[in-house]
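Colleague: I'm new to this one and would like a close look at a single part of it. Could you pick one helix and walk me through what surrounds it?

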Amino acid sequence: MAKIKCDTCGQEFYADEIISFTSVAGVTKVEHICFACEIKEEEAREYINFGDVARGKLGLQCQYASRYVHGLLEDWPNLGKGLRFKGDAINNYHSLLIHKDDVDEFVKRVQEFWKERERRI
Ligand SMILES: [Zn+2]
């Protein structure tokens, strides 16, 4: 089993771990990517910036929308239960990511919470 250098992180790994082939305009390029980098790329494709979702779909700044993720403040309940987030909603909300398949559910929960709150006022 030969050791190969990962194209992304430069670490050596065994050749049979993961080797992916990308074909661009008919030219096949062999990529050597270690397992850890493959996982990171996978995550990067699946998680999107929470601030973009907050601004784009709720018209809220990331700083405020992240309160619906940690749920630590009064009147800002945790509406992210069971949904997939990455990053630190409390200390570094700019790093916060949300799984792309959970965006619609999160947006729906916030909008329903707002509607409910209006009814109570
Ligand atoms: Zn790597």
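Modeller: Here is a walk around helix 2 and the parts that cover it. Keep in mind that this is a predicted model.

Let's start with the helix itself. Helix 2 runs over residues 50–58, and its buried residues are F50, G51, V53 and A54. Those four cover an arc of only 160° around the axis, so they sit on the same side of helix 2. The general background helps here: an α-helix has 3.6 residues a turn, so residues three or four places apart point the same way. Right after helix 2 comes G59, and its phi is positive, near 65°.

Now, what lies over that buried side? The cover includes strand 5 (47–49), helix 3 (62–65), strand 7 (92–99) and helix 5 (103–120). Let's take the strands, then the core, then helix 5.

Strand 5 and strand 7 belong to an open sheet of three strands, ordered 5-7-6, with antiparallel pairing. Strand 5 and strand 6 are the edge strands, each pairing on one side only. On average, neighbouring strands in this sheet are turned by 25° against each other, direction ignored. If you want to trace the pairing, strand 5 meets strand 7 over three bridges, in the antiparallel sense, and I48 stands opposite I98 in strand 7. Over on strand 6 (residues 85–88), the pairing with strand 7 is antiparallel too, over three bridges. There F85 stands opposite I98, while D88 has N92 of strand 7 as its bridge partner. So I98 is a handy residue to find on screen: I48 stands opposite I98, and F85 does as well. Strand 6 runs into strand 7 through a hairpin of three residues.

Next, the core. The largest nonpolar core has twelve residues, and F50, V53 and A54 of helix 2 are among them. The others are A65, Y68, V69, L79, A89, Y93, L96, I98 and F106. Helix 2, helix 4 (67–70) and strand 7 are the elements that give two or more residues to this core. Y68 is worth a click of its own: leaving out residues up to four places away in sequence, Y68 touches W76, L79, G80 and V110. Of these, L79 is itself in the core.

That leaves helix 5, which is part of the cover over helix 2. Helix 5 has 18 residues and reaches 26 Å from its first C-alpha to its last, close to the 26 Å expected at 1.5 Å a residue. How many of those 18 residues are buried? The number is one, so helix 5 lies largely in the open.

To put the picture together: helix 2 has its buried residues on the same side, strand 5, helix 3, strand 7 and helix 5 are included in what covers them, and F50, V53 and A54 belong to the largest nonpolar core.

Conventions: Residues numbered from 1 in each chain as written. Predicted model: local features only at pLDDT ≥ 70, side-chain atom pairs only at ≥ 80, totals over all residues. Buried ≥ 20, exposed ≤ 12 C-beta atoms within 10 Å, placed from the backbone. Arc of directions from axis to C-beta. Contact = placed C-beta atoms within 7 Å. Core = buried A, V, L, I, M, F, W, Y, C linked by C-beta atoms within 7 Å. Expected span 1.5 Å × (residues − 1). Pairing = 2+ DSSP bridges. Axes fitted to C-alpha atoms, helices over the stretch in contact; angles between N-to-C directions.
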